[in-house]
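Q: I'm new to this one and would like to learn how to read it. Could you take me through it feature by feature?

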Amino acid sequence: MLKLSLKEGEYVNIGDNIRVVYAGGSGKNGRLMIDAPREMNISRSNNDPNPEKRKDTYYPEPRISEEAQHEIKKIIWNERQKKAKSETDKKA
């Protein structure tokens with residue numbers, strides 16, 4: 001086990017894609033900010049180990065279907081076309 005002392009704003013990198021930042025604290029409480037991939041499960045030691053009993057369990061959002069992604073791309077493309085047309089009309 002590794003024990004570290006950190007000052008506010010200092011951080012520890014774990015591997016290539018996890019960063020733990022000490023955000024300060026007071027008394028017996030400390031605040032950590034954890035930057036990690038969404039698919040990584042992060043749990044606190046005082047959480048109940050049974051996720052069914054916890055109301056605040058995090059469940060990642062399901063991926064958007066290919067069809068939905070295609071529709072979103074079409075909407076964005078159409079909006080860009082409208083914006084470009086309105087800018088062209090303003091110049092004319």
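Q: What share of the contacts with a separation of 6 or more comes from residues 24 or more positions apart?
A: Such a share tells you how much the chain touches itself across long stretches of sequence. Here residues 24 or more positions apart account for 0% of the contacts in the chain with a separation of 6 or more. Keep in mind that this is a predicted model.

Q: How many of the residues count as buried, as a percentage?
A: A residue is called buried when its relative accessible area is under 20%. By that cut-off, 8% of the 92 residues of the chain are buried. You can look at the surface as a whole, too: about 9300 Å² of the chain is accessible, and carbon and sulfur atoms hold 51% of that.

Q: Which helices and strands should I look for, and in what pattern?
A: Start by counting the elements, then read them in order. This chain has 3 strands and 1 helix. Going along the sequence, you meet them as β-β-β-α.

Q: How do strands S1 and S2 pair?
A: For any pair of strands, check the direction and then the bridges. S1, residues 11-14, and S2, residues 18-26, run antiparallel and share 4 bridges. To find your place in the pair, pick out Asn13, which sits across from Arg19 in S2.

Q: What joins S1 to S2?
A: Look at the stretch between the two strands. S1 and S2 make a hairpin, with 3 residues between them. In that turn, Gly15 has a positive phi of about 65°.

Q: And how does S2 pair with S3?
A: Read this pair in just that way. S3 covers residues 29-35, and its pairing with S2 is antiparallel, over 7 bridges. A handy marker is Gly24, which faces Arg31 in S3. S2 and S3 also form a hairpin, with 2 residues between them. Its turn holds Gly27, whose phi is positive at about 60°.

Q: Where do side chains point along a strand?
A: As a general idea, side chains in a regular strand alternate between the two faces of the sheet.

Q: How many salt bridges does the count give?
A: Side chains of opposite charge can pair when their charged atoms come close. In this chain the count is 3 salt bridges.

Q: Let's take Glu71. Which residue does Glu71 form a salt bridge with?
A: Its partner is Lys74, and the closest N and O atoms of the two are 3.5 Å apart. Now check where they sit: both are in helix H1, residues 66-91, and being 3 residues apart puts about one helical turn between them. Next, check the exposure. Glu71 is partly exposed, at 37% relative accessibility, and Lys74 is partly exposed as well, at 41%.

Q: Which residue does Lys82 meet in a salt bridge?
A: That would be Glu79, at 3.7 Å from N to O. Lys82 and Glu79 are both found in helix H1, 3 residues apart, or about one turn of the helix. Lys82 has a relative accessible area of 55% and counts as exposed, whereas Glu79, at 45%, is partly exposed.

Q: What about Asp89: which side chain does it meet in a salt bridge?
A: The side chain of Asp89 meets that of Lys85, with 3.7 Å from N to O. Asp89 and Lys85 are 4 residues apart in helix H1, so about one helical turn separates them. With a relative accessible area of 48%, Asp89 is partly exposed. Lys85, at 53%, is exposed.

Definitions and conventions:
Residues are numbered from 1 along each chain as its sequence is written. This is a predicted model: local features need pLDDT of at least 70, side-chain atom pairs count only at pLDDT 80 or more; totals for chains, interfaces and linings use all residues. Side-chain values use heavy atoms; hydrogens and water are left out. Buried means under 20% relative accessible area, exposed over 50%, partly exposed in between (1.4 Å probe, protein chains only). Contact means heavy atoms within 4.5 Å. Accessible areas come from the Shrake-Rupley method with a 1.4 Å probe; for residues, only the protein chains shown count as cover. Two strands pair if DSSP finds at least two bridges between them. A salt bridge is a side-chain nitrogen of Lys or Arg within 4 Å of a carboxyl oxygen of Asp or Glu.
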